[in-house]
Amino acid sequence: MGSDGILKNKCKRRRELKNITKRKRLDPKLFKRLPAEIQKDTSLLKYWHSRYRLFKRYDQGIKLDSESWYSATPEVISRMIAERCSCDLIIDGFCGAGSNSIQFALTSKKVIAIDIDPIKIELAQNNAKVYGVSDRIEFIIGDYYALAPTLKADVVFLSPPWGGPKYSQKTTFNIDDIMPSNGGGKHLYELTRQITKNIAFFLPKNIEHKQCISLAGPGNLAEIESNYLNNRLNSKTLYYGDLITTNN
């Protein structure tokens, strides 16, 4: 085994030991009440403690998988974005467990929610039922990149994977760090631009601003909105096209 393999095994073992330590510290009664994915990986506990910020109706039957715990948009932020993106037809290109799609369904007439992962779509369908908006969302299991050339909408919302929680360790997040195997964030924007100019791009708090502004192209505007949660910067939303509300 090479040095890289040894290092990976050491890191894996370290994570396992941390999980075991956390399990021992937890009240056994509380541990049994935790979702299975958090019992398996106690590093997700901090997200569970914020479950009502993710979904206010969490106790009414919300379901998430491991990835969704750290990738779901907090409800107060998703609601703010949804109000700004209100329209007849909006596409959520990477819907995940449905945190954004649900809020879009409350402000827009119809939502097309896409995800390549069947499990995510199943979770999103369940969560949409909890919020009573299933009738306004069309769920599609598929690859947004493959579907994009066939889609039409008034607005497209993009919240692609950022590469896991470690994104925040970077001083600056590069736009092309987004799904690099698919061509990066610039390609994703250009692909979406074929559907509509009205794009809302949900990005990490440490995203490089100049790159995002340059996506709009010469002579066009982009608006950066900083999203705060409990007085701490959580993320940023880039608005393009008619979604812009300022001339600055």
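Begin by selecting isoleucine 81, which is found in helix 7; helices (H or I, at least four residues) and strands (E, at least two) are DSSP runs, numbered from the N terminus. The model is a predicted one, in which local features need pLDDT of at least 70, side-chain atom pairs count only at pLDDT 80 or more, and totals for chains, interfaces and linings use all residues. Residues are numbered from 1 along each chain as its sequence is written, and side-chain values use heavy atoms, with hydrogens and water left out.

**Around isoleucine 81**

Isoleucine 81 counts as buried, at 0% relative accessibility. Buried means under 20% relative accessible area, exposed over 50%, and partly exposed in between (1.4 Å probe, protein chains only). Next, show the residues in contact with isoleucine 81, where contact means heavy atoms within 4.5 Å. Leaving aside neighbours within four places in sequence, they are Asn100, Phe104, Phe157, Phe202, Thr237 and Tyr239. Threonine 237 is 156 residues from isoleucine 81 in sequence, yet their C-alpha atoms are 8.1 Å apart in space.

**Helix 8**

Select residues 99-107, which form helix 8. Of these 9 residues 7 are buried, so helix 8 is largely enclosed by the rest of the structure. The buried ones are Ser99, Asn100, Ser101, Ile102, Gln103, Phe104 and Ala105. What covers them? The cover includes helix 7 (75-84), helix 9 (118-130), strand 1 (89-92), strand 2 (110-115), strand 3 (137-141) and strand 4 (155-158).

**The sheet**

Now colour the strands. An open sheet of 7 strands has the order 3-2-1-4-5-7-6, with mixed pairing; two strands pair if DSSP finds at least two bridges between them. Strand 3 and strand 6 (222-229) stand at the edges, each with a single partner strand, so one side of each is left without a neighbour in the sheet. From one strand to the next the twist averages 20°, with axes being lines fitted to C-alpha atoms, for helices over the stretch in contact, and angles running from 0 to 180 degrees between N-to-C directions.

At one edge, strand 3 pairs with strand 2 in the parallel sense over 5 bridges. Aspartate 115 stands opposite isoleucine 141 of strand 3. At the other edge, strand 6 and strand 7 (residues 232-240) run antiparallel and are joined by 8 bridges. Glutamate 223 has tyrosine 239 in strand 7 as its bridge partner. In the loop between strand 6 and strand 7, select asparagine 231. Its phi is positive, about 65°, although asparagine 231 is not a glycine. Is this residue buried or exposed? Asparagine 231 is exposed, with a relative accessible area of 77%.

**Helix 11 and threonine 192**

Move to helix 11, which lies across strand 4, strand 5 (199-204) and strand 7, running at about 165° to strand 5. Within helix 11 (residues 184-193), select threonine 192, which is buried with a relative accessible area of 0%. Its side chain is joined to that of tyrosine 144 by a polar contact of 2.7 Å; a polar contact is a pair of N or O atoms within 3.5 Å, where within protein one must be able to donate a hydrogen and the other to accept it, and residues adjacent in sequence count only if both atoms are side-chain atoms. Beyond neighbours within four places in sequence, threonine 192 is in contact with Tyr144, Val156, Leu158 and Ile199.
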